[in-house]
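Student: Could you take a close look at the cysteines with me? I would like to know how many disulfides the structure holds, and why particular sulfurs stay unpaired.

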Amino acid sequence: MAASSRTQVGIVGAGPAGLLLAHLLRLHGIESVVVENRTREYCEARQRAGLLEAGTVELLRAAGAGRRMDAEGLEHDGIYLQFEGERHHVNIRELTGGRWVTVYAQTEIVKDLIESRLAAGDPIEFGATDVSVTDVTSDRPLLSYTGEDGTRHEVACDVIAGCDGFHGISRPLIPDIETYERTYPFAWLGVLADAAPSTDELIYSRHSDGFALYSMRSPEVSRLYLQVSPEERIEDWSDDRIWAELQKRFAVHGSDWRVAEGKITDKSVTPMRSFVAGPMQHGRLFLAGDAAHIVPPTGAKGLNLALSDVTVLANALSAALRDGEWALAEAYSDTCLRRVWRATHFSWWMTSMLHVNPAGDPFDDQLQLSQLRFVTSSEAQATALAENYSGFQPVRFSL
Ligand code: RFL
Ligand code: PHB
């Protein structure tokens, strides 16, 4: 016999999208159940994004979830673009009339949101198995799962939010969903190192051996990425080989500037793809975040898009479930996909400009270098980059 219960919104997935949605719904006075198939420890340790758009920072603040971000986040005015051994600064704050970006890791946002939900007395069902969603075209969709203690649960919901990432169960429930996809012939090898960053802002570097990104997590911890082949085996990359490659790809002509080295504490290879699925709604099922779209990380947009989606969704569900007004919910997919496609274009553009074609194509090389020279010498081009990077037309949260 399954244990039956009732809630307003059933949320599949306790990543940033699911957790922020639950938080915003609570502020709107709407009840939810969050079901996650991993453990709390796993969710809090998964190394991923690190860069927040100005609008995302404002959103987390407005939702009362920004206290630790304000204390520990690193606010940056711009980024560096490096190519042909020269480093150029793009001053986002000046170009956009005051916008910025903040380095605050996804792991920390996830920890903050988990703690805040548990402190409010609302549970998260971690370690759930056999999670399933049914009856999404009825007005009582059902979220079923087996809890950590082996009990089967059936939760009758008004709405289900599929926040279960790219490999989740929600997207396949939308019949005739259209998908758009681009895979790239490279991947990122990412490392986390106990080393004080030797740069004040992120460096996006195009080198003839491949792209490299210098990011950070705190004044003591660096986060670095190298373009590698998607078939690359992590075992083939010793720490020494990684540091040597990073030193080479970030070297500046005529300067003795170096990447600060330290103990590598995490190493992984991530393939890169662009993917968009729509519509993001079917009946009473709404997709949000990576469940509906993936961008290559070069534009730093994935987390920001996920948090924007659920803000639009929380506003729409508040109108629907509190006032019986479903117009915003009906418009949800179109509203989100407009922003998703802007970010998809920007991420593809940054990726195409900065990564070296592994097949070796001198024509591509020259186009990329020309584009980089243009962006670093034309204020109009730099402004377009700055506007997109710091977040175009941010979503606002309002009660
Ligand atoms: P998530 O984080 O994948 O969370 C989905 C959650 O759903 C759970 N789940 C299920 N739960 C129950 N039942 C099932 N059947 C389930 N199937 C899955 C999963 O366990 C998980 O907890 O998706 P969400 O919430 O949409 O968040 C999206 C972001 O995680 C992602 O877009 C970003 O990390 C992308 N990204 C970046 N985004 C940025 O905005 N800025 C960045 O600087 C940035 N850098 C990155 C990145 C992603 C990277 N990788 C590893 C893909 C750098 C990297 C290297
Ligand atoms: C990161 O800090 O992990 C990061 C920052 C910027 C990106 C991608 C990843 O474009």
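Tutor: Happy to! The structure, which is a predicted model, holds 0 disulfides. A disulfide here needs two cysteine sulfur atoms within 2.5 Å, so distances settle the matter. Take Cys157: the closest cysteine sulfur belongs to Cys163 and lies 12 Å away, which is too far for a bond. Cys336 tells a similar story, because its closest cysteine sulfur is again that of Cys163, at 11 Å, also too far for a bond.

What about their surroundings, buried or exposed? Cys157 has 0% relative accessibility and therefore counts as buried. Cys336 is buried too, with a relative accessible area of 0%.

It helps to set these two residues in the chain as a whole. Buried residues make up 56% of its 399 residues. The fold comprises 11 helices and 21 strands. With a radius of gyration of 22 Å, close to the 21 Å that the globule rule gives for 399 residues, the chain is as compact as a globular protein of that length. Its C-alpha trace spans about 70 × 40 × 40 Å along the principal axes. Of the contacts between residues at least 6 apart in sequence, 71% join residues at least 24 apart.

Finally, the outside: the accessible surface comes to about 16800 Å², and carbon and sulfur atoms account for 49% of that. Among the side chains, 37 are positive and 55 negative, with the centres of the two sets 1 Å apart.

Terms used
Residues are numbered from 1 along each chain as its sequence is written. Chains are lettered from A and ligands numbered from 1 in the order in which they are written. This is a predicted model: local features need pLDDT of at least 70, side-chain atom pairs count only at pLDDT 80 or more; totals for chains, interfaces and linings use all residues. Side-chain values use heavy atoms; hydrogens and water are left out. Helices (H or I, at least four residues) and strands (E, at least two) are DSSP runs, numbered from the N terminus. The radius of gyration is taken over C-alpha atoms; the globule rule is 2.2 Å times the number of residues to the power 0.38. Buried means under 20% relative accessible area, exposed over 50%, partly exposed in between (1.4 Å probe, protein chains only). Contact means heavy atoms within 4.5 Å. Accessible areas come from the Shrake-Rupley method with a 1.4 Å probe; for residues, only the protein chains shown count as cover. Lys and Arg count as positive and Asp and Glu as negative; His and the chain ends are not counted. The place of a charge is taken as NZ of Lys, CZ of Arg, CG of Asp or CD of Glu.
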